[in-house]
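Q: Please take a close look at a single part of this structure, a place where two side chains pair. Then explain how that part fits into the rest.

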Amino acid sequence: MDFLSSFAGFFQNGGPFMFIILATGVVILAVSFERLWVIGRAASVNSGKHTRDVRRLVKHGDYNQANAQARKVKGPVGEVAEAILSQTNVRDEEKLMNAADGAATIALPRLSRRLPYLSMLANSATLLGLLGTIFGLTTAFAAVGAADPSQRSAFLAAGISQALNTTAFGLIVAVPTLLIHGFLVSKVEAIVESVDEATVRIIRALNGGDAA
């Protein structure tokens, strides 16, 4: 309860820019949860085990079962594996790679969609905090110049408080957003690497290679 009352006072003393930063934070939360859900589902797939299962079936010549195994996995790795295995009569590595690249081009951009918004919104929150700082200081100095000498210190303190609170709130929103953005980007990069690995291993298995 003390924390809520303290935050309410902190927010109220920050001035009008606090509401804009708060709205930015709400948008950031919505985008973050949506991306965490989508990327988390794709990252939860055990791509190594899936690739090994498909390769084993391919080496045994059971292409229909391998294709069925690829369809079981919902995500980029499964979609790329299915695209490769759909070329049942093709053994040309370049054509198989083109099929994999085509599937990856469709599947992978879905993961990074809206991720750039997070870094943009984090920068916006920081800049809004700085803008609120300038607004607060300008208001404080204008009030000090026009106020009665006995009230100048109070007006100056209120203006500086508004300026510092806005800056702090902007950073409170921006810093976690940048951390979340970095985390999600690293997850997407790991998925891309797993797709590339699965592509190479399955194509080599189709061509009789012995990739480990």
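A: Asp 53 has a relative accessible area of 12%, and because buried means under 20%, Asp 53 counts as buried. The model is predicted, so this value is computed from predicted coordinates. The partner of Asp 53 is Arg 56: the two form a salt bridge whose closest N and O atoms are 3.2 Å apart. Side chains of opposite charge can pair when their charged atoms come close. Both residues belong to helix H3, where they sit three residues apart, or about one turn of the helix. The two ends of the pair are covered to unlike degrees: Asp 53 is buried, whereas Arg 56 is partly exposed at 43%.

The structure holds six salt bridges, and the pair in H3 can be set beside others. Arg 110 pairs with Glu 79, with 2.7 Å between the closest N and O atoms. Here the partners come from two helices, Arg 110 from H7 and Glu 79 from H5, so the salt bridge ties together parts that are 31 residues apart in sequence. Arg 110 is partly exposed at 32%, and Glu 79 is also partly exposed, at 28%.

Another pair is Arg 201 with Glu 197, where the closest N and O atoms are 3.0 Å apart. These two lie in helix H9, four residues apart, which is again about one turn of the helix. Arg 201 is partly exposed, with 23% relative accessibility, and Glu 197 is partly exposed too, with 44%. Salt bridges with shared partners also link Glu 34, Arg 35 and Arg 114 into one network.

Arg 114 has a further feature, in its backbone. Arg 114 sits in the loop between H7 and H8, and its phi is near 70 degrees, a positive value in a residue other than glycine. Most residues other than glycine have a negative phi. The relative accessibility of Arg 114 is 32%, so Arg 114 counts as partly exposed.

Now back to H3 and what surrounds it. Val 54 and Val 58 are among the residues that Leu 85 touches, beyond its neighbours up to four places away in sequence. Leu 85 also touches Ala 66, Asn 67, Ala 70, Ile 202 and Leu 206. Leu 85 is one of the buried residues of H5. Eight of the 10 residues of H5 are buried, so H5 is largely enclosed by the rest of the structure. Among the buried ones are also Pro 76, Gly 78 and Ile 84.

Ile 84 and Leu 85 have the most contacts inside the largest nonpolar core, a set of 44 residues. The helices that give two or more residues to this core are H1, H2, H3, H4, H5, H6, H8 and H9. H9 gives the largest share, 12 residues.

Two other residues show packing between helices. Thr 177, in H9, is buried with a relative accessible area of 2%. Apart from residues up to four places away, Thr 177 touches Ile 28, Leu 118 and Ala 122. Phe 11, in H1, is buried at 13%. Its contacts, leaving aside neighbours within four places, are with Met 18, Phe 19, Leu 22 and Phe 169. The C-alpha atoms of Phe 11 and Leu 22 are separated by 9.6 Å.

H9 also takes part in the surface. Leu 137, Phe 141, Leu 156, Ile 160 and Leu 164 make a nonpolar surface patch of about 430 Å². H8 and H9 each supply at least two of these residues, with H9 giving the most, three. Leu 156, for example, lies in H9 and is partly exposed at 31%.

As for the whole chain, its secondary structure comes to nine helices and zero strands. Of its 212 residues, 39% count as buried, Asp 53 being one of the buried residues. Among contacts between residues at least 6 apart in sequence, 77% join residues at least 24 apart. The average pLDDT is 83, and 89% of the residues score at least 70. Confidence is lowest in H1, at a mean of 75, and highest in H2, at 92. Where pLDDT is low, the predicted coordinates should not be read in detail.

How values were computed. Residues numbered from 1 in each chain as written. Predicted model: local features only at pLDDT ≥ 70, side-chain atom pairs only at ≥ 80, totals over all residues. Heavy atoms only, no water. pLDDT = per-residue confidence, 0-100. Buried < 20%, exposed > 50% of the residue type's maximum accessible area, 1.4 Å probe, protein only. Contact = heavy atoms within 4.5 Å. Core = buried A, V, L, I, M, F, W, Y, C linked by side-chain atoms within 4.5 Å. Patch = residues over 30% accessible without salt bridge, like charges linked within 9 Å, V, L, I, M, F, W, Y side chains within 5 Å. Areas by Shrake-Rupley, 256 points an atom, 1.4 Å probe, with all protein chains shown as cover. Salt bridge = Lys/Arg side-chain N within 4 Å of Asp/Glu carboxyl O.
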